[in-house]
Each structure stands twice: as structure tokens, then as C-alpha cells.
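Dear colleague,

I am handing over the structure below, together with some notes on what turned up when I went through it. Please read the notes with the coordinates open beside you.

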Amino acid sequence: MTAQGMPQAATLPREGDPSAGGRLSIRNLTVSFDGFKAVDDLSMDIAENELRVIIGPNGAGKTTLLDMICGKTRPTSGSIIFHGMELSTMQEFEIVRRGIGRKFQTPSIYEDLTVRENLEVSIPDKHGIWASIFFRRTPQVRQRIEEIADLVMLLSHLKQKSGRLSHGQKQWLEIGMLLMQEPDLLLLDEPVAGMSPREREQTAELLKRIAQGKSLVVIEHDMEFVRSIAQLVTVMHQGKVLSQGSVDQVQKDPRVIEVYLGH
Ligand code: ADP
Ligand code: MG
């Protein structure tokens, strides 16, 4: 099913609004699926180098929000400004080129390729997958791959077939593949789902390292994990922002307890 209608182009600001502050500025964003508003008049700002966590009950619209930011789903109305550019009318590949990387809930890696090859094919390249492998093994590329592999804790696994990695390692590899594209904003949907407690801790450290140089939006349910990474938490419910603040503030918010944390 697809979103109904097109964004109301005439009402969308084209140059970004300097008063909006954040690097990513979402205004009055709505998407309607056959009349059901999965995201409903939502506004939110993400600052440069911010690590924002979004929580909320199932069906709150969290994944749909990321789908709209990365161009997978077209908003019915509203605006998404990044670096002063309107994203809501762009194609997915254009949004990737503007510096936004998106990780979905299930890892999409090439299981038959090694860790190194997966990182190689993620290098932005107009010549396609095989050109990447055979023509891009320059010293700079090798160094970049090793830096990223080290960051995502896979340096000693570069020669291993990715299909044989643990579930957690596959998630890290996919984060590494996104980092190869040098995004300014990374969107991660439930990155620690299915991970062991130790892998969760390691992922928290990884995300904090990544967030030193870019903005990160992380959707997560595990409150212990949220507490270990979060600066500011946005709580979504029924397509809207229900509450926002520090982990302690939102955990004490009676509205959040009622719809989410209380159960
Ligand atoms: P969350 O990620 O917070 O659990 P989602 O964004 O996946 O929530 O879904 C929000 C609501 O929108 C759900 O009720 C879901 O069924 C609905 N929804 C999401 N995508 C579509 C779609 N393509 N068509 C119809 N309904 C959808
Ligand atoms: Mg979801």
C-alpha cells in the first residue's frame, strides 16, 4: 500500500528555515494510509552530532517516520529539511547522496561475500558492484575499510564470509557498510533487537563513538539500552510526539507511563 496523494509542494519551504535550528528539521509531517494517519502532524528537530532515541509502543509510527526521512514513503503533507534542502519530494538515492543512511530492522548484507567485500561494495561508486571489487583496492580505500572494520569491531573478521558472522556482528557490518558512504545522519531501526546482552553493551559504545562525528536517530525498545546511549528521548504515540526529554524525564511522564512504560 502506498501513501495517498503528493506533498503539497506549494506550501513547502524550499531553502530551509534558519530559525528551525536543527540540522534535520521536520515540520507538520503527516502520512495517511487509506485515511489512517500513521504519522500525524509531527514536528521534530535533530541537531548536528546529536544522538536522538525514539521510543513508543508498537504501531506508534516510528518506522514510518524513518521511511519518510529516507524517501521510502512519501508524506501526504509536511516538510523534512536537511542541510537546507527539502527531502520529502526527493527519490531515495538522492537522499542517500545528501548524506542520510538508513538501517532497516533486518540486516541486508551479502552473506556470500567476506566482510571486506561487503565494505568494498558499499563504497559509493557509479560503476557498480564488480567495478568496486576489482578497481577500488587502492591504499586509501584499504585504509578506509580497515578503519571502519575496526570501528565496528570486525577488523579480525575481514576475510570471513559474512554469512558466518553472529547476528550481532551482521548488524555491525551493516552499520559499517552505511558508514562507508560517510553519511551525516544515520537512521537505525531497532539495532539491538535479537542481540546478546554483551553485544548490546558493545553496540551502545559503538553508537556513542559514531555520534561524535554525525547525527544519529535510533529507534529502540530496550530501556536499559536507551538509558546507556540517550541524550534526548522522543516518545511517539499514534503518529505524534507524546513527550520529549531526558530518559528520567520521559520515564516519569504520566502520559508515557500510561501508554507505554506502564505495561
Ligand atoms: P512502529 O514502527 O512505531 O511500530 P509503524 O511505523 O511500523 O509503527 O506503523 C505505524 C502504523 O502504520 C501501524 O498501524 C501500521 O500498521 C501502519 N502502516 C505502516 N505502514 C503502512 C502501509 N504501508 N500501509 C498501511 N498501513 C501502514
Ligand atoms: Mg517499527
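In what order do the strands of the open sheet lie, and is the pairing mixed? In this predicted model, the open sheet is built from 6 strands that follow one another as E6-E7-E8-E3-E9-E10, and their pairing is mixed. Strand E6 (100-103) and strand E10 (240-245) are the edge strands, and because each has a single partner strand, one side of each is left without a neighbour in the sheet. From one strand to the next, the twist averages 20°.

Within the sheet, strand E3 (residues 51-55) runs parallel to strand E8 (residues 215-219), the two being joined over 4 bridges, and isoleucine 54 has isoleucine 219 in E8 as its bridge partner.

Two helices that pack on the sheet deserve a mention. Helix H1 (residues 62-69) touches E3, E6, strand E7 (185-189), E8 and strand E9 (232-237), and the direction of H1 makes about 150° with that of E7. Helix H6 (residues 167-180) touches E6 and E7, and the direction of H6 makes about 165° with that of E6.

As for E9 and E10, these strands pair in the antiparallel sense over 5 bridges, and histidine 237 has lysine 240 in E10 as its bridge partner. The two strands form a hairpin with 2 residues between them, and in the turn glutamine 238 has a positive phi of about 50°.

With best regards

Definitions and conventions
Residues numbered from 1 in each chain as written. Chains lettered and ligands numbered in written order. Predicted model: local features only at pLDDT ≥ 70, side-chain atom pairs only at ≥ 80, totals over all residues. Heavy atoms only, no water. Pairing = 2+ DSSP bridges. Axes fitted to C-alpha atoms, helices over the stretch in contact; angles between N-to-C directions. Contact = heavy atoms within 4.5 Å.
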